[in-house]
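User: I should like to learn how to read a structure of this kind, one feature at a time. Where should a beginner start?

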Amino acid sequence: MNRHLLSASDLSLEDATLILDTAAEMATVKDRTVKKLPTLRGRTVVNLFFEDSTRTKTSFELAAKRLSADVINFAAKGSSVSKGETLKDTALTLEAMGTDAVVIRHSWSGAPVNLARIVRGSVVNAGDGTHEHPTQALLDAYTMREKLGRLEGLKVTIVGDILHSRVARSNVLLLRTLGADVTLVAPPTLLPVGVDAWPAEVSYDLDAVLPKSDVVMMLRVQRERMGAAYFPSAREYSRRYGLDVDRVRNLQDHAIVMHPGPMVRGMEIASEVADGLRSTIQDQVSNGVSVRMAVLYLLLGGSQSAIGSE
Amino acid sequence: MTSAPRPVTGDPSSARSVLDAAALARVVDRMAHEVLEKTGGASDVVLLGIPTRGVHLARRLAARIEAFEGRPVPSGSLDTTLYRDDLRLKSPRALETTDLPVDGIDGKLVVLVDDVLFSGRTVRAALDALADLGRPRVVQLAVLVDRGHRELPIRADYVGKNVPTSLRETIHVQMSEIDGADGVLLGPAGGPA
């Protein structure tokens with residue numbers, strides 16, 4: 001039976017550690033003259049992106065290509081989806097062409113889970129609605145481990161639009177598995193219902209949390225998912241929850257600043273901070289390729305998957 | 001084939017010692033001399049061990065060559081996992097480290113080092129991996145034990161000991177860095193091949 005990566009909660013501590021260790025070896029490929037491994041030769045990976053994405057799609061494409069898989073990029077625009085084809089029919093069509101894995105990004109929470117019930121190949125969730133984005137959480141954990149040397153006991157603060165953030169949800173689940181302590185900071189209107197049940201602390205006061213943090217992860221305010229006003233004005237949001245130069249001065253010396261991108265400079269993060277020495281934003285992008293190579297190898301490289309859910 | 005840590009299976013008392021610690025040390029000394037002889041002083045030699053025990057063997061060979069000639073010989077490790085031809089036959093394995101000397105392998109005489117030469121498939125994977133990492137001037141192969149049963153046209157340039165085996169027997173190379181003691185054991189027939 002094929003296995004999938006649908007949620008960060010699919011991963012045990014052993015699975016997650018195996019992915020991060022494998023990614024560390026995959027990372028050496030980008031320094032070589034021949035940036036390619038023969039491992040997934042003859043396998044086909046479909047990038048099925050129903051939602052706009054630059055970095056995740058490119059990252060998955062590059063990861064699959066560096067492992068010598070054949071990659072088909074499928075964007076919803078200009079496809080039969082705009083003629084009314086359902087997700088199920090699209091998936092079955094692609095499968096009939098003999099694909100081994102589907103990487104899916106969709107605006108519906110749960111679309112990858114549905115897809116996993118339909119197709120025989122492996123399904124990798126590349127972000128579904130406001131639900132999950134497990135490979136982003138993995139690359140964030142990889143970056144933290146690379147910069148700070150450990151994950152166990154790290155104090156990670158995630159700031160911003162938790163309500164709409166699949167990155168936050170996946171990070172909370174994965175970091176919990178890996179032994180880090182997560183604090184969520186947001187205005188009450190941008191916290192999801194039932195956040196008390198998440199394995200994380202909640203605070204409304206960014207300035208109180210910053211001096212204790214090893215990692216500060218800023219999230220974009222996802223205006224495209226907002227029907228109504230969740231806060232009075234962008235300026236007020238930025239003043240209370242934005243990471244500016246003054247706030248960064250209150251961080252510990254070793255603390256790092258992360259952002260999953262795309263970021264809105266001047267809103268949740270000041271330009272000086274995004275480009276500053278503590279910022280790992282570029283590292284996150286390049287680590288994303290290594291982590292996705294590790295995931296694809298562990299899902300597709302053998303007779304059966306080494307990670308993920310049934 | 002030989003890189004993963006293996007517990008001795010079956011009845012350990014029926015495993016026969018092929019090399020004890022002292023004999024293994026003498027074999028490594030002889031192989032170091034042979035490398036020096038055959039490469040005319042090992043001036044551009046790079047020793048690349050195949051994980052896990054091959055890496056330790058490469059380090060020991062490098063240390064002995066340095067002791068004999070007074071000149072350091074670079075050594076490193078070369079993981080072959082992602083180049084194996086049997087990847088699809090089992091669950092994906094964890095990767096080992098690939099760690100090349102800082103000067104790289106271009107134009108060098110690379111000696112691949114492994115503990116046991118069996119089917120030759122690991123060496124084939126190593127040759128493919130090498131080709132993606134650079135272009136050595138010459139590639140040679142050094143193994144502690146050649147147990148026969150080649151499935152590919154591959155032979156070793158330096159052999160510590162030839163041990164004729166049946167396919168059902170097992171060879172356990174033990175190195176103190178991993179196993180706590182040095183030695184080579186020939187396991188009983190019926191163990192995993």
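**Reading strands, domains and chains**

Analyst: Let us start with a pair of strands in this predicted model. Strand 5 (residues 155-159) and strand 6 (residues 181-185) of chain A pair in the parallel sense, over 5 bridges. One of these links joins A:Val156 to A:Val182, its bridge partner in strand 6 of chain A.

User: What holds such strands together in general, and in what order do the strands of this open sheet in chain A lie?

Analyst: Strands of a sheet pair through backbone hydrogen bonds, and the pairing is either parallel or antiparallel. In chain A, an open sheet of 5 strands has the order 7-6-5-8-9, with parallel pairing. From one strand to the next, the twist averages 20°.

User: Which strands stand at the edges of the sheet?

Analyst: Strand 7 (201-203) and strand 9 (256-258) of chain A stand there. Each has a single partner strand, so one side of each is left without a neighbour in the sheet.

User: Which strands does helix 6 of chain A lie across?

Analyst: Helix 6 (residues 166-177) of chain A lies across strand 5, strand 6 and strand 8 (215-218) of chain A. This helix runs at about 155° to strand 6 of chain A.

User: How is chain A divided into domains?

Analyst: Domain 1 of chain A consists of 8-132 + 285-300, and domain 2 covers 134-279. Taken over C-alpha atoms, the centres of the two domains are separated by 25 Å. Their contact takes 22 residues from domain 1 of chain A and 20 residues from domain 2 of chain A.

User: Which elements give two or more residues to the side of domain 1 that touches domain 2 in chain A?

Analyst: They are helix 1 (13-26), strand 4 (122-128) and helix 11 (281-300) of chain A. By class, the residues on that side of domain 1 of chain A are 10 nonpolar, 8 polar and 4 charged.

User: How does one read a single residue, and where is A:Glu51 found?

Analyst: One may ask about its place in the chain, its surroundings and its contacts. A:Glu51 is in the loop between strand 1 (44-49) and helix 2 (55-66) of chain A. Because A:Glu51 has 19 C-beta neighbours inside 10 Å, this residue counts as partly exposed. Leaving aside neighbours within four places in sequence, A:Glu51 is in contact with A:Arg105, A:His106 and A:Ser107.

User: How does one describe a whole chain, and how many helices and strands has chain A?

Analyst: Chain A comes to 11 helices and 9 strands. Its radius of gyration is 19 Å, close to the 19 Å that the globule rule gives for 310 residues, so chain A is as compact as a globular protein of that length. Buried residues make up 49% of chain A. Among contacts in chain A between residues at least 6 apart in sequence, 76% join residues at least 24 apart.

User: How many helices and strands has chain B, and what is its pattern along the sequence?

Analyst: Chain B has 4 helices and 8 strands, in the pattern β-α-β-α-β-β-α-β-β-β-α-β. Of its 193 residues, 43% count as buried.

User: How many residues of chain B are in contact with chain A?

Analyst: The general idea is that the size of an interface is often given as the accessible area lost when the parts come together. Here we count residues instead: 16 residues of chain B are in contact with 18 residues of chain A. The side of chain B that touches chain A has 8 nonpolar, 3 polar and 5 charged residues.

Definitions and conventions: Residues are numbered from 1 along each chain as its sequence is written. Chains are lettered from A and ligands numbered from 1 in the order in which they are written. This is a predicted model: local features need pLDDT of at least 70, side-chain atom pairs count only at pLDDT 80 or more; totals for chains, interfaces and linings use all residues. Domain bounds come from an automatic or database domain assignment. Two residues are in contact if their C-beta atoms, placed from the backbone, lie within 7 Å. Ala, Val, Leu, Ile, Met, Phe, Trp, Tyr, Cys and Pro count as nonpolar, Asp, Glu, Lys and Arg as charged, and the others, Gly among them, as polar. Two strands pair if DSSP finds at least two bridges between them. Axes are lines fitted to C-alpha atoms, for helices over the stretch in contact, and angles run from 0 to 180 degrees between N-to-C directions. The radius of gyration is taken over C-alpha atoms; the globule rule is 2.2 Å times the number of residues to the power 0.38. A residue is buried if 20 or more other C-beta atoms lie within 10 Å of its own, exposed if 12 or fewer, and partly exposed in between; C-beta atoms are placed from the backbone.
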